[in-house]
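Let's take a walk through this structure together. Have the sequence and the 3D view ready, and follow along.

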Amino acid sequence: MNVRQMINEKGGEVVTCGPETSVKEAAVSLAEHRIGAVVVTRNKRIEGILSERDIVAAVASQGAGALDKSVTAFMTRRVVTCRLNHSTDELMEMMTNERFRHLPVEEDGHLIGIVSIGDVVKRRIAEVQREADSIREYVTS
Ligand code: AMP
């Protein structure tokens, strides 16, 4: 399976916020959407990514005052993205090597979706299950 199939299946909705959004507002958005990261955009261009881990680190180092600061103070600016032709194996490798759990999908400079480690693992387990079923069928027939 590749990213194109995953986006077709799950849709291309991405929860974003502007650079002037406060960390508190971003945390509320994460909770409301039950997600782990928000992509920070300006004029549809990716400026950064803020994950729940960044918020925990911000509060741990600066206390509750961090919540009133803008997301730009704590987001990661060098965002790694993936493309529609990346496979689930490639996504797992990227996430494992870079130690993060979210990959925005970009084509021609446009943000067209996001995949999380949960999305990847879910599809990979289904693939492995299908492979096991066909081997079992082959062996028993
Ligand atoms: P996560 O595991 O996705 O919650 O994120 C762990 C750390 O990696 C946080 O500092 C995020 O801002 C950062 N991060 C998450 N996704 C990406 C990405 N696609 N590119 C760059 N940094 C990221």
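How many Å separate a polar side-chain atom of His102 from an oxygen atom of the ligand? In this predicted model, the answer is 2.6 Å. Arg101 does something along those lines too: a polar atom of the Arg101 side chain sits 2.7 Å from a ligand oxygen. Ile49 joins in through its backbone, with an N or O atom 3.4 Å from an oxygen atom of the ligand. On its own, the ligand would expose 480 Å², and the protein buries 91% of that. In total, 13 residues surround the ligand, and the closest are Asp54, Thr76, Val80, Arg101 and His102.

Now look at the strands. There are three of them in an open sheet, running in the order β1-β2-β3 with mixed pairing. β1 (16-17) and β3 (45-51) are the edge strands, each pairing on one side only. Between β1 and β2 the pairing is parallel, over two bridges. You can pick out one partnership by eye: Thr16 is bridged to Val39 in β2.

Next up, the nonpolar side chains. The largest nonpolar core has 14 residues, and Val38, Leu50, Val71 and Phe74 have the most contacts inside it. Two or more residues each come from α2 (23-33), β2 (37-42) and α3 (52-62), with α2 giving the most, three residues. Zoom in on Val38 and you'll find it touching, among others, Val15, Ala26, Leu30, Ile49 and Leu50. There's also a second, separate core of 13 residues, including Met6, Val80, Met94 and Val105. You've met Val80 already: it is one of the residues closest to the ligand.

Terms used
Residues are numbered from 1 along each chain as its sequence is written. This is a predicted model: local features need pLDDT of at least 70, side-chain atom pairs count only at pLDDT 80 or more; totals for chains, interfaces and linings use all residues. Side-chain values use heavy atoms; hydrogens and water are left out. A nonpolar core is a set of buried Ala, Val, Leu, Ile, Met, Phe, Trp, Tyr and Cys residues joined through side-chain atoms within 4.5 Å. Buried means under 20% relative accessible area, exposed over 50%, partly exposed in between (1.4 Å probe, protein chains only). Helices (H or I, at least four residues) and strands (E, at least two) are DSSP runs, numbered from the N terminus. Contact means heavy atoms within 4.5 Å. Two strands pair if DSSP finds at least two bridges between them. A residue is near a molecule or strand if one of its heavy atoms lies within 4 Å of it. A polar contact is a pair of N or O atoms within 3.5 Å; within protein, one must be able to donate a hydrogen and the other to accept it, and residues adjacent in sequence count only if both atoms are side-chain atoms. Accessible areas come from the Shrake-Rupley method with a 1.4 Å probe; for residues, only the protein chains shown count as cover. Lists of a residue's contacts leave out its neighbours within four places in sequence.
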